[in-house]
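Me: Could you take a close look at one part of this protein for me, the place where two helices cross? I would like to know what makes the contact and what surrounds it.

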Amino acid sequence: MKDKPLNRPFESLAQYLKEHGIDLGEKTPIPPDKESDNPGDLLSAAMKDVRTIKNAGKRVMGRPRKPFSAFDREDQTRRLLECAVQEKHRINVTNLPEYMEGFVEGINPLVMEKLRAGEFAVQRILDLHGCSMESADELFQLFIQEAIRDGLKCLKVIHGRGLKSKSGPVLKEGLKRWIVRAMHRKWVLAFCNAVMNDGGPGATYILLKSRGAKEHLRVIG
């Protein structure tokens, strides 16, 4: 039995179509023995049924792109301002160079995260704006003593950022010293600057313990 050539897989196609009554119409394949070696003839045979599509250059695929106008820029600017006002993109106060915080060693990190995020309910506020160092010190002593006596947990002290002071944030630096005094230190669990919409670096949260216990208080900033 003679082997069929491997390079002519459709050699028996005509016989198969005839036996099964399949009519391909006018499309008649070129017989294998009459195939031309001329590339132009092969291309003409392949392209003989191709038809030109009228008005093809006028057809638009997909939706036309709307030109970007000055009104679009104004609308985009307005949306960015609205996001800023609504604080959808808040400034992280912990990234500011004037940020300060302190905490006892071994504190639960989740507690510190909640304090930094302003998630504890502030129970009492002390505003030291316009006070001298001496009067601010006295007010703070009385403020924290009463808070400890009343069993409060979260306080806020407003001291300002000292931006208009030639000496800088003196009340803020004074508050840091007053917090870590031996008389108060055993009651302080942690403290940090407030979130931006609650005073930012111009205010400080103070978290108190349920029971006084002397522990090392680490201060940053």
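**A close look at a helix crossing**

Reply: Happy to. The protein has 7 helices and 6 strands, and please keep in mind that the model is predicted. Read from the N terminus, the elements come in the order α-α-α-β-α-β-α-β-α-α-β-β-β. Of its 221 residues, 25% count as buried. Among contacts between residues at least 6 apart in sequence, 68% join residues at least 24 apart.

Let's start with helix 5, which covers residues 133-149. With 17 residues at 1.5 Å each, helix 5 should span 24 Å, and its end C-alpha atoms are indeed 24 Å apart, so expectation and model agree. Its buried residues are Ala136, Asp137, Phe140, Gln141, Phe143, Ile144 and Ala147. After helix 5 comes Gly151, which has a positive phi, near 70 degrees.

The partner is helix 6, residues 170-179. Here 7 of the 10 residues are buried, so helix 6 is largely enclosed by the rest of the structure. Those buried residues are Leu171, Lys172, Gly174, Leu175, Lys176, Trp178 and Ile179. You may like to note that two lysines, Lys172 and Lys176, are on that list.

Now for the crossing itself. The axes of helix 5 and helix 6 come within 11 Å and cross at roughly 40 degrees. An angle from 35 up to 65 degrees is neither roughly parallel nor roughly perpendicular, and the two helices are therefore oblique to each other. Their crossing is right-handed. On the helix 5 side, the contact is made by Met133, Ala136, Asp137, Phe140 and Gln141. Helix 6 brings Val170, Leu171, Gly174, Leu175, Arg177, Trp178 and Ile179 to the contact. By type, the residues of this contact divide into 8 nonpolar, 2 polar and 2 charged. Several of them also appear among the buried residues: Ala136, Asp137, Phe140 and Gln141 in helix 5, and Leu171, Gly174, Leu175, Trp178 and Ile179 in helix 6.

What lies around helix 6? One of its buried residues, Lys176, is in contact with Gly221. Gly221 sits in the segment after strand 6 (217-220), and at 59% relative accessibility it counts as exposed. Leaving aside neighbours within four places in sequence, Gly221 also touches Tyr99 and Met100. The C-alpha atoms of Gly221 and Pro97 are separated by 8.0 Å, although the two residues are 124 apart along the chain.

Tyr99 leads on to another residue, as Thr94 is in contact with Tyr99 too, and with Arg116, again leaving aside neighbours within four places in sequence. Thr94 belongs to the loop between helix 3 (70-85) and strand 1 (101-104). With a relative accessibility of 29%, Thr94 counts as partly exposed. Its C-alpha atom is 9.8 Å from that of Ala117, a residue 23 places away along the chain.

Finally, have a look at the loop between strand 3 (154-158) and helix 6, where you will find Leu163. At 66% relative accessibility, Leu163 counts as exposed. Leu163 and Gly202 are 39 residues apart in sequence, and their C-alpha atoms are 9.7 Å apart in space.

To come back to your request: the contact is an oblique pairing of helix 5 and helix 6, with a right-handed crossing and 8 nonpolar residues among those taking part.

Methods. Residues are numbered from 1 along each chain as its sequence is written. This is a predicted model: local features need pLDDT of at least 70, side-chain atom pairs count only at pLDDT 80 or more; totals for chains, interfaces and linings use all residues. Side-chain values use heavy atoms; hydrogens and water are left out. Helices (H or I, at least four residues) and strands (E, at least two) are DSSP runs, numbered from the N terminus. The expected span of a helix is 1.5 Å times one less than its number of residues. Buried means under 20% relative accessible area, exposed over 50%, partly exposed in between (1.4 Å probe, protein chains only). Axes are lines fitted to C-alpha atoms, for helices over the stretch in contact, and angles run from 0 to 180 degrees between N-to-C directions. Angles under 35 degrees count as roughly parallel, over 145 as roughly antiparallel, 65 to 115 as roughly perpendicular and the rest as oblique. A crossing is left-handed if the near helix is turned anticlockwise from the far one by less than a right angle, and right-handed if clockwise. Contact means heavy atoms within 4.5 Å. Ala, Val, Leu, Ile, Met, Phe, Trp, Tyr, Cys and Pro count as nonpolar, Asp, Glu, Lys and Arg as charged, and the others, Gly among them, as polar.
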